[in-house]
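Subject: Structure handover

Hi,

Here is the structure I promised to pass on. Have a look at it first, and then read my notes underneath.

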Amino acid sequence: GVLIARVSNPVAAQAGLSAGDVVLQVGRQNVGSVAEFNQALKSFKSGDRVRLLVRNAQSTGLVTLEMP
């Protein structure tokens, strides 16, 4: 997974992402590095809705956000 160090994007913050969360999947693609995370995001266009599988201290769940 990819650890979120900080959330500076308002779309990500509004979706509920926060520092310390770990992104495990983008869409249905597993991500284990920042490079894999960035590559997975390239398949989406502005306005697309993207589902992320995210783990935090309390739980693991899906977060949906709209690509800017």
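Which pattern does the protein follow when read along the sequence? The pattern is β-α-β-β-α-β-β, built from 2 helices and 5 strands. Keep in mind that this is a predicted model.

How far to trust it

The mean pLDDT of the protein is 94, and 100% of the residues score at least 70. Confidence peaks in E2, at 98, and is lowest in helix H1 (residues 10-14), where the mean is 90. As a general caution, predicted coordinates should not be read in detail where pLDDT is low.

Overall shape

With a radius of gyration of 11 Å, the protein is close to the 11 Å that the globule rule gives for 68 residues, so it is as compact as a globular protein of that length. If you are setting up a box, the C-alpha atoms fill one of roughly 30 × 25 × 20 Å along the principal axes. Of the 68 residues, 26% are buried.

The strands

I'd start with strand E2 (residues 22-26), as a lot of the pairing can be told from there. E2 is mostly covered, with 4 of its 5 residues buried. Which strands does it pair with?

- Strand E1 (residues 2-3) runs antiparallel to E2 and is joined to it by 2 bridges. Here Val-2 stands opposite Val-23.
- Strand E3 (residues 29-30) is also antiparallel to E2, again with 2 bridges. Val-26 has Gln-29 as its bridge partner in E3. The hairpin of E2 and E3 has 2 residues between the strands, and Gly-27 takes a positive phi near 65° there.
- Strand E4 (residues 49-55) is joined to E2 by 4 bridges, and the two run antiparallel. Arg-55 in E4 is the bridge partner of Val-22.

E4 in turn pairs with E5, in the antiparallel sense, over 7 bridges. One of the pairs to look at is Arg-51 with its bridge partner Thr-64 in E5. E4 and E5 form a hairpin too, with 4 residues between them.

The loop after E4

Ala-57 is found in the loop between E4 and strand E5 (60-66). Is Ala-57 buried or exposed? Its relative accessible area is 78%, and the cut-off for exposed is over 50%, so Ala-57 counts as exposed. Measuring from C-alpha to C-alpha in the viewer, you should find Ala-57 and Ala-15 17 Å apart in space, while in sequence they are 42 residues apart.

The pocket

This is probably the part you'll want to open up next. What is the volume of the largest pocket? It comes to about 420 Å³. The pocket is lined by 19 residues, and the closest to its centre are Ile-4, Ala-12, Leu-17, Phe-37 and Leu-41. E1, H1, helix H2 (34-41) and E4 each supply at least two residues of that lining. By residue class, the lining divides into 16 nonpolar, 2 polar and 1 charged.

To recap the places to click on: E2 with its bridges to E1, E3 and E4, then the E4 and E5 hairpin, and finally the pocket around Ile-4, Ala-12, Leu-17, Phe-37 and Leu-41.

Cheers

How values were computed: Residues are numbered from 1 along each chain as its sequence is written. This is a predicted model: local features need pLDDT of at least 70, side-chain atom pairs count only at pLDDT 80 or more; totals for chains, interfaces and linings use all residues. Side-chain values use heavy atoms; hydrogens and water are left out. Buried means under 20% relative accessible area, exposed over 50%, partly exposed in between (1.4 Å probe, protein chains only). Two strands pair if DSSP finds at least two bridges between them. pLDDT is the predictor's confidence in each residue, from 0 to 100. On a 1 Å grid over the protein atoms alone, a cavity is a set of points where a 1.4 Å probe fits but cannot get out, and a pocket is an open set with protein on both sides within 12 Å along at least five of seven lines; lining residues have an atom within 4 Å of a point. Grid points are joined across faces, edges and corners, and a volume is the space filled by probe spheres set on the points. Ala, Val, Leu, Ile, Met, Phe, Trp, Tyr, Cys and Pro count as nonpolar, Asp, Glu, Lys and Arg as charged, and the others, Gly among them, as polar. The radius of gyration is taken over C-alpha atoms; the globule rule is 2.2 Å times the number of residues to the power 0.38.
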